[in-house]
Amino acid sequence: MDNLEIKSTKKMNGNELKMDKNKYWILDGHNDSMIAIPRQKRSFSERSEIGHIDKPRMREGNIKAGLFAVFPGFTKKMLRKGVKNWFEIVNEKENELIQIKNYKDFESSQAEGKIGAVLHFEGIGGFDGNGKLLHYYKTLGLRSMGITWSNKNKFGTGVSFVGKQKKRGLTEKGKDLIHEAQSLGITIDVSHLNEPSFWDLIEITQKPIIASHSNSRTVCDHPRNLTDTQIKVIHEKHGTIGINMGMIFLNPGKPGKRDTEMGFDVIKKHIDQIVSFSDINTIAMGSDFDGVKTPNCMKDCAQYPKLFDYLSENGYSEQDIKKISHENLLRVFSKTWD
Ligand SMILES: [Zn+2]
């Protein structure tokens, strides 16, 4: 699946790249670009100095597909509006995006020279309780969804950013909906769930799950990050954890604080910690680009090849980086879709 032609660039922003950046194409597990681009009044097709993602920078960073989130999803109306906007951006010819609806589309999108966009919902509070909207959005190609954002809804409970872990978990409606979604071939995302909801989900899930954009809580004690026990069980379920590039989720010792000077070593610390409670098959990329403030070393999506350079110089093999960059997440989709 490496047939998208991009000329090998040895120099990026004045820094020498050690490896051929085309070696590792990236499937990024979470971005908020569909929300950010219209808000920031910029175009996906043109290179911008603001935000993290646009077509030229995705090409430069060798990101060939991603989960593009619809957010917020608190109400039916919000979901409808978010989906309308999502398709407007994907269908704009100049953007050279294409919707990924099935597993084989990862390959065909690259053959066509397009950037693949997976329709993902970050919270489904706007769904009705009887599964009608779930079925409707599946017909539009919904392939991945989180039950909540950092709020509670009729299906489950999200983790509050201020750290209060409420006792409420998944509701009975939520359990039924997850069962139905998994049987429809929709991947379930546990990022943003509080711990009781997470453990309720672990009990009922019949398929591998993803934490699309969450880091290690041992390294950075933020409630949005995962405990070692959660990491272990995601691994046991053959799922993946996408590394979030947000400073507030990375900062070791100072969770929630921004430090623009953090380096690739901090990102590696999270990867090391997650690997130590799982294995290399559990790590994926889940940048949260265009939804968080990132350190300078990951100032936009074009920096990915430099991160992989760093990892390859610090103990991660070529095979490991292939897994991290796209293979692990593809494996979960191959097991959860259709
Ligand atoms: Zn999020």
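Visitor: Is D290 buried or exposed in this model?
Guide: A word first: the model is predicted. Burial starts at 20 other C-beta atoms within 10 Å. D290 has 25 other C-beta atoms within 10 Å, so D290 is buried.

Visitor: Where does D290 lie, and what is its phi?
Guide: Happy to show you: D290 lies in the loop between β11 and α11. Most residues other than glycine have a negative phi. D290 is not a glycine, yet its phi is positive, at about 70 degrees.

Visitor: Which other residue in the loop between β11 (283-285) and α11 (304-313) should I look at?
Guide: Try a residue that is not a glycine but has a positive phi, near 70 degrees. The residue counts as buried because 27 C-beta neighbours lie inside 10 Å. In the loop between β11 and α11, that residue is D288.

Visitor: What is omega for the cis peptide bond at P72?
Guide: Start from the loop between β4 (63-70) and α3 (76-91), where P72 is found. Most peptide bonds are trans. The bond that joins F71 and P72 is cis, with omega at about -5 degrees.

Visitor: Let's move to H192. Is H192 buried or exposed?
Guide: You will find H192 in the loop between β8 and α7. Around H192 there are 25 other C-beta atoms within 10 Å, and the cut-off for burial is 20. H192 is therefore buried.

Visitor: What does H192 touch, and how many Å apart in space are H192 and P223?
Guide: Leaving out residues up to four places away in sequence, H192 touches G146, T148, W149, S150, G158 and V159. P223 is 31 residues from H192 in sequence. From C-alpha to C-alpha, the distance between H192 and P223 is 8.9 Å.

Visitor: Just after that loop comes α7. Why do its buried residues line one face?
Guide: In helix α7 (residues 195-204), the buried residues are S197, F198, D200 and L201. Seen down the axis of α7, these residues line one face because they fall within an arc of 165 degrees.

Visitor: Which elements cover the buried residues of α7?
Guide: Follow S197, F198, D200 and L201, the buried residues of α7. Among the elements that cover them are α6 (172-183), β8 (187-189) and α8 (228-236).

Visitor: How do α6 and α7 pack, and which residues of α7 meet α6?
Guide: The axes of α6 and α7 are 11 Å apart, at an angle of about 50 degrees. That angle makes α6 oblique to α7. The crossing of α6 past α7 is right-handed. From α6 come K175, I178 and H179, and they meet three partners in α7: D200, L201 and I204.

Visitor: Now the whole protein, please. How many helices and strands are there, and what percentage of residues count as buried?
Guide: The protein has twelve helices and eleven strands. Its C-alpha atoms fill a box of roughly 55 × 45 × 35 Å along the principal axes. Among the 338 residues, the share that count as buried is 50%.

Visitor: What radius of gyration does the protein have, next to that of a compact globule?
Guide: For 338 residues, a compact globule would come out near 20 Å. The protein agrees with that, because its radius of gyration is 18 Å.

Visitor: And what share of the contacts joins residues 24 or more positions apart?
Guide: Take the contacts in the protein with a separation of 6 or more. Residues 24 or more positions apart account for a share of 71%.

Technical notes. Residues are numbered from 1 along each chain as its sequence is written. This is a predicted model: local features need pLDDT of at least 70, side-chain atom pairs count only at pLDDT 80 or more; totals for chains, interfaces and linings use all residues. Helices (H or I, at least four residues) and strands (E, at least two) are DSSP runs, numbered from the N terminus. The radius of gyration is taken over C-alpha atoms; the globule rule is 2.2 Å times the number of residues to the power 0.38. A residue is buried if 20 or more other C-beta atoms lie within 10 Å of its own, exposed if 12 or fewer, and partly exposed in between; C-beta atoms are placed from the backbone. Two residues are in contact if their C-beta atoms, placed from the backbone, lie within 7 Å. The arc is that of the directions from the helix axis to the C-beta atoms. Axes are lines fitted to C-alpha atoms, for helices over the stretch in contact, and angles run from 0 to 180 degrees between N-to-C directions. Angles under 35 degrees count as roughly parallel, over 145 as roughly antiparallel, 65 to 115 as roughly perpendicular and the rest as oblique. A crossing is left-handed if the near helix is turned anticlockwise from the far one by less than a right angle, and right-handed if clockwise.
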